Amino acid sequence: MSARLQVAVVRQRYTPYGGAERFIERALPAMESAGAEVTLIARSAEGWGARNVIRVDPFHLGGWWRDASFARAALRAWRRRGFDFVQSHERIPGCDIYRAGDGVHRRWLEVRRASASFSERLGIALNPRHRWLCAAEKRMFEHPRLRAVICNSRMVREEILQSFRIDAALLHVIYNGVDLEAFRPAERAARRGAARAGLGCSPRDTVFLFVGSGYWRKGLDTAIKALALSGSQAFWLVVAGRDRDAARFVRQAERAGLGARVKFLGARDDVRPLYAAADCLLLPTRYDPFPNTVLEALAMGVPAIVSTRCGAAEIVRNGENGWVCAPGDAPGLAKRLHEADRALRDPGLGARVRASVESYGLDAMGRQLGALYQTLATR
């Protein structure tokens with residue numbers, strides 16, 4: 001890239017738990033090392049660590065107004081500055097690069113409607129935010145200015161191809177990267193004793209860890225049902241994350257007689273102590289493009305159980321670094337819990353799990369991003 005190349009990166013809000021935010025934090029140095037001058041366009045400069053920020057924070061009420069007003073303001077901001085190219089992490093028609101970290105919204109709605117009641121389906125149909133997002137998504141993917149889409153899994157790439165009129169050559173699969181130094185087996189070994197003692201479990205207990213916000217989408221109800229069906233009194237489920245309806249899942253666990261073995265911890269800034277305490281990550285998602293939590297767990301030597309509707313299933317090999325299950329299949333997942341429990345007796349499992357993600361480090365992701373930016377800059 002020329003040192004004079006001006007690049008804008010667009011993301012509405014920062015949350016320390018967001019996968020897109022962590023991606024941007026890693027992408028910014030990759031762009032700058034490739035010679036670009038990067039400016040972040042966001043509602044607030046706090047949390048990002050970016051040198052150049054354009055703050056756009058228009059007034060809004062409600063989710064639909066919030067997203068639509070930011071999209072209009074961000075578009076005006078980058079047009080005023082005349083950037084050489086714009087990478088958006090929001091569905092804004094007219095960007096040059098879009099990172100599809102949130103997957104395809106219309107596909108997520110299909111998943112929701114498939115198991116929803118009539119009143120829930122009606123609510124989805126009447127929700128103006130869903131209509132706006134689907135319309136913006138279509139205009140963006142089919143916009144003539146679009147030059148590249150970064151997909152964080154092959155699953156997302158195929159969904160985009162099936163849903164929109166778009167040239168397949170524009171779709172680039174670049175998996176998320178993980179900090180292989182921060183998340184490593186030695187860190188797990190050092191923290192494990194204290195972390196498990198803090199949970200109150202015994203050395204013989206098998207701790208399954210669920211990390212994620214939006215419990216129904218992530219399949220927490222299925223995980224609780226599977227734990228009940230497993231019949232094992234030694235299986236624990238530790239839940240880290242946020243949900244506005246968390247009380248519903250607490251009640252589910254209590255009704256199943258699992259109140260003492262399902263621990264709700266809320267959101268955590270540092271999940272490494274939880275990976276240290278865990279024996280296996282459990283994420284039977286209904287729809288998830290590619291959660292960073294899977295890479296983090298594997299990097300610390302913790303195997304993972306994920307669903308076929310999770311992009312991370314593409315790097316999970318049954319019996320080697322984890323297991324794949326069908327979404328919503330509690331009996332099948334219960335069997336996977338027992339498979340994992342048996343596999344954990346193998347002393348070499350942790351090393352094999354760690355080895356499976358050695359090629360997904362931050363440097364590898366940065367090189368792929370840098371190569372893409374170089375290609376776009378020379379076109």
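**Burial, ring pairs and a helix crossing**

Me: A297 has its place in helix 12 (residues 292–299); why is A297 called buried?

Reply: A helix here is a DSSP run of H or I with at least four residues, a strand is a run of E with at least two, and both are numbered from the N terminus. Buried means a relative accessible area under 20%, exposed means over 50%, and partly exposed covers what lies in between, with a 1.4 Å probe and protein chains only. A297 has a relative accessibility of 0%, so it counts as buried. The model is a predicted one, in which local features need pLDDT of at least 70 and side-chain atom pairs count only at pLDDT 80 or more, while totals for chains, interfaces and linings use all residues. Residues are numbered from 1 along each chain as its sequence is written, and side-chain values use heavy atoms, with hydrogens and water left out.

Me: Which residues does A297 contact, leaving aside its neighbours within four places in sequence?

Reply: Contact means heavy atoms within 4.5 Å, and with those neighbours left aside A297 is in contact with Y275, L281 and V302. As for C280, which is 17 residues from A297 along the chain, the C-alpha atoms of the two are separated by 8.2 Å.

Me: Why does K218, a lysine in helix 8, count as buried?

Reply: The relative accessible area of K218 is 8%, so it is placed among the buried residues. Not counting residues up to four places away in sequence, K218 touches F210, G212, S213, L283, P284, T285, R286, D288 and P291.

Me: And what makes G219 buried, when its position is in the loop between helix 8 and helix 9?

Reply: The label rests on the relative accessible area, which for G219 is 0%, and G219 is therefore buried. Beyond residues up to four places away in sequence, G219 touches F210, P284, T285 and R286. G219 and L282 are 63 residues apart in sequence, and their C-alpha atoms are 9.3 Å apart in space.

Me: How many aromatic pairs does a search of the whole structure find, and why is the pair of W108 and W216 called tilted?

Reply: The search finds 13 aromatic pairs. Rings of Phe, Tyr and Trp (its six-membered ring) pair if their centres lie within 6.5 Å, and planes under 30 degrees apart count as stacked, over 60 as edge-to-face and the rest as tilted. The rings of W108 and W216 have centres 6.1 Å apart and planes at 50 degrees, so this pair is tilted. W108 belongs to helix 3 (residues 105–114) and W216 to helix 8 (residues 215–218), so the pair ties together parts that are 108 residues apart in sequence. W108, at 15% relative accessibility, counts as buried, whereas W216, at 21%, counts as partly exposed.

Me: What makes the pair of F208 and F235 edge-to-face?

Reply: Their ring centres are 5.3 Å apart and their planes stand at 75 degrees, so the pair is edge-to-face. This pair links distant parts of the chain, with F208 in strand 8 (residues 206–211) and F235 in strand 9 (residues 235–240), 27 residues apart. Both F208 and F235 are buried. F235 is also touched by D341, as is T206, when residues up to four places away in sequence are not counted.

Me: Why is D341, a residue of helix 13, called buried?

Reply: D341 has a relative accessible area of 17%, and D341 is therefore buried.

Me: How do you know that helix 9 and helix 13 cross?

Reply: Axes are lines fitted to C-alpha atoms, for helices over the stretch in contact, and angles run from 0 to 180 degrees between N-to-C directions. The axes of helix 9 (residues 220–230) and helix 13 come within 8 Å and cross at roughly 65 degrees. The contact is made by T222, A223, K225, A226, L227, L229 and S230 of helix 9, with A330, P331, L333, A334, L337 and H338 from helix 13.

Me: Where does A334 lie, and why is it called buried?

Reply: A334 lies in helix 13 (residues 330–343), and its relative accessible area is 6%, so A334 is buried. With neighbours within four places in sequence left aside, A334 is in contact with A226, L229 and S230.
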